[in-house]
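Please read the points below with the structure open beside you. They go from one residue to its strand, and then on to other parts of the chain.

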Amino acid sequence: MKFGQVEDPSKIDFTLPKDHPRTKDILKQNKKGLENISIGCAKWNKTDLKGFYPKGTKDELSYYSTQFNSIELNATFYGMPTPEQVETWKEKTPADFKFFPKITNTVSHFRRLLNVDDVVTQFASAVLNFDEKLGMVFLQLHDNFKPKDYERLEKFVNNWPQEVPLAIELRNTDWFSDEEILNKTCDLFEKNNITNIIVDTAGRRDMLHMRLTTPNAFIRYVGANAESDYERLDDWLKHLTEWKKEGLQNLYFFVHQNIEKASPLLSAYFIKKMNEEWKTELKVPQMATESMQTLF
């Protein structure tokens with residue numbers, strides 16, 4: 001993942017900002033406590049995650065799903081999934097595994113939310129075949145999709161099939177730089193139970209808005225392939241611990257890297273630290289753990 005990549009990460013202030021004032025109110029709405037924790041990578045491709053798979057691994061997804069409880073499914077961004085493909089992925093994974101598929105780029109990048117009812121219906125119909133293994137679908141809008149196109153976003157959100165949980169990632173800086181626009185958009189998300197994605201990447205600190213619109217935290221964490229990556233994860237754990245106390249219902253945390261082979265290492269580190277802090281019993285990926293013993 002090259003988005004937000006910088007030449008020298010040491011020059012970036014990675015301090016997590018304070019929460020948006022509305023976030024605490026959103027978290028208070030949840031009276032059920034913490035229900036689910038999903039932590040994973042963005043892909044299971046053996047080439048990208050070199051060193052993660054044991055020699056002789058024949059089915060990458062089957063092995064990946066024994067080490068992680070979820071996947072940010074970016075494959076569906078590049079091509080419309082078929083019900084048959086979804087069934088195949090589903091059958092290869094354990095009962096408690098969750099998929100978080102990205103909406104196809106036909107919707108977000110090519111049609112730019114115009115005249116997309118047919119594609120949305122096709123996509124939703126396919127991913128619903130994940131059944132209980134469907135975590136949350138997410139829409140990633142193009143960098144140049146701006147607030148001037150708010151009406152398109154509003155129509156898309158209002159027409160989205162309610163039976164499919166949805167998160168949205170806004171990328172253009174204008175969504176965050178104007179408080180009135182941010183509040184208007186987040187009000188729309190709140191009204192329709194849409195989760196506002198937070199992105200933590202070196203070159204786009206404005207996307208670290210800390211504005212939740214549901215009691216779910218959907219975080220896309222992009223490491224910089226630097227030692228500071230681990231300190232940043234420590235800071236996230238502290239912050240998430242506060243959100244947990246305030247009413248966090250579901251945590252969806254997906255780790256990316258500019259050089260993706262390091263993603264399992266960071267994920268394993270984060271899971272181990274969370275188990276220690278939260279007394280959870282999430283599986284720590286074995287291959288990554290063996291490579292990281294000196295880091296703990």
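1. Start at Ile-168, which stands opposite Asn-196 in S6. Please keep in mind throughout that the model is predicted. The two strands concerned are S5, covering residues 166-169, and S6, which pair in the parallel sense over 2 bridges.

2. These strands belong to an open sheet of 3 strands, in the order S4-S5-S6, with parallel pairing. Strand S4 (137-140) and strand S6 (195-196) are its edge strands, as each pairs on one side only.

3. Asn-196 deserves a closer look. This residue lies in strand S6. Is Asn-196 buried or exposed? Buried: the cut-off is under 20% relative accessible area, and Asn-196 has 3% relative accessibility, so it counts as buried. Its side chain reaches the backbone oxygen of Arg-211 at 3.1 Å. Leaving aside neighbours within four places in sequence, Asn-196 is in contact with Ile-168, Cys-186, Phe-189, His-209, Arg-211, Thr-213 and Phe-218. Ile-168, the residue standing opposite, is thus one of the contacts listed.

4. A second asparagine, Asn-216, lies in strand S8. With a relative accessible area of 10%, Asn-216 is buried. Which side chains does the side chain of Asn-216 meet in polar contacts? One is the side chain of Thr-195, at 3.5 Å, and another is the side chain of Asn-250, at 2.8 Å. Leaving aside neighbours within four places in sequence, the contacts of Asn-216 are Met-136, Thr-195, Leu-248, Gln-249, Asn-250 and Tyr-252.

5. Now the aromatic rings. A search of the whole structure finds 25 aromatic pairs. Take Tyr-221 and Phe-253: their ring centres are 5.9 Å apart and their planes lie at 25°, so the pair is stacked. The pair links distant parts of the chain, since Tyr-221 is in strand S8 (residues 216-223) and Phe-253 is in strand S9 (residues 250-257), 32 residues apart. Tyr-221 is buried, with a relative accessible area of 0%. Phe-253 is buried as well, with a relative accessible area of 0%.

6. Elsewhere, ring pairs join several residues into a cluster. Its members are Trp-44, Phe-52, Tyr-53, Tyr-63, Tyr-64, Phe-68, Trp-89, Phe-97, Phe-99 and Phe-130.

7. Rings also meet charges. The charged end of Lys-102 sits over the ring of Phe-77, 4.6 Å from its centre. The charged end of Lys-244 sits over the ring of Trp-278, 5.3 Å from its centre.

8. Trp-278 leads to helix H11, where it is among the buried residues. The others are Ser-263, Pro-264, Leu-266, Ser-267, Ala-268, Tyr-269, Phe-270, Ile-271, Met-274 and Asn-275.

9. What should the 16 residues of helix H11 span at 1.5 Å a residue? The expected span is 1.5 Å times one less than the number of residues, which for H11 (residues 263-278) comes to 22 Å. The end C-alpha atoms of H11 are 22 Å apart, so the model agrees with the expectation. Just after H11, Lys-279 takes a positive phi of about 60°.

How values were computed. Residues are numbered from 1 along each chain as its sequence is written. This is a predicted model: local features need pLDDT of at least 70, side-chain atom pairs count only at pLDDT 80 or more; totals for chains, interfaces and linings use all residues. Side-chain values use heavy atoms; hydrogens and water are left out. Helices (H or I, at least four residues) and strands (E, at least two) are DSSP runs, numbered from the N terminus. Buried means under 20% relative accessible area, exposed over 50%, partly exposed in between (1.4 Å probe, protein chains only). Two strands pair if DSSP finds at least two bridges between them. Rings of Phe, Tyr and Trp (its six-membered ring) pair if their centres lie within 6.5 Å; planes under 30 degrees apart count as stacked, over 60 as edge-to-face and the rest as tilted. A charge sits over a ring if NZ of Lys or CZ of Arg is within 6 Å of the ring centre and within 35 degrees of the ring normal. A polar contact is a pair of N or O atoms within 3.5 Å; within protein, one must be able to donate a hydrogen and the other to accept it, and residues adjacent in sequence count only if both atoms are side-chain atoms. Contact means heavy atoms within 4.5 Å.
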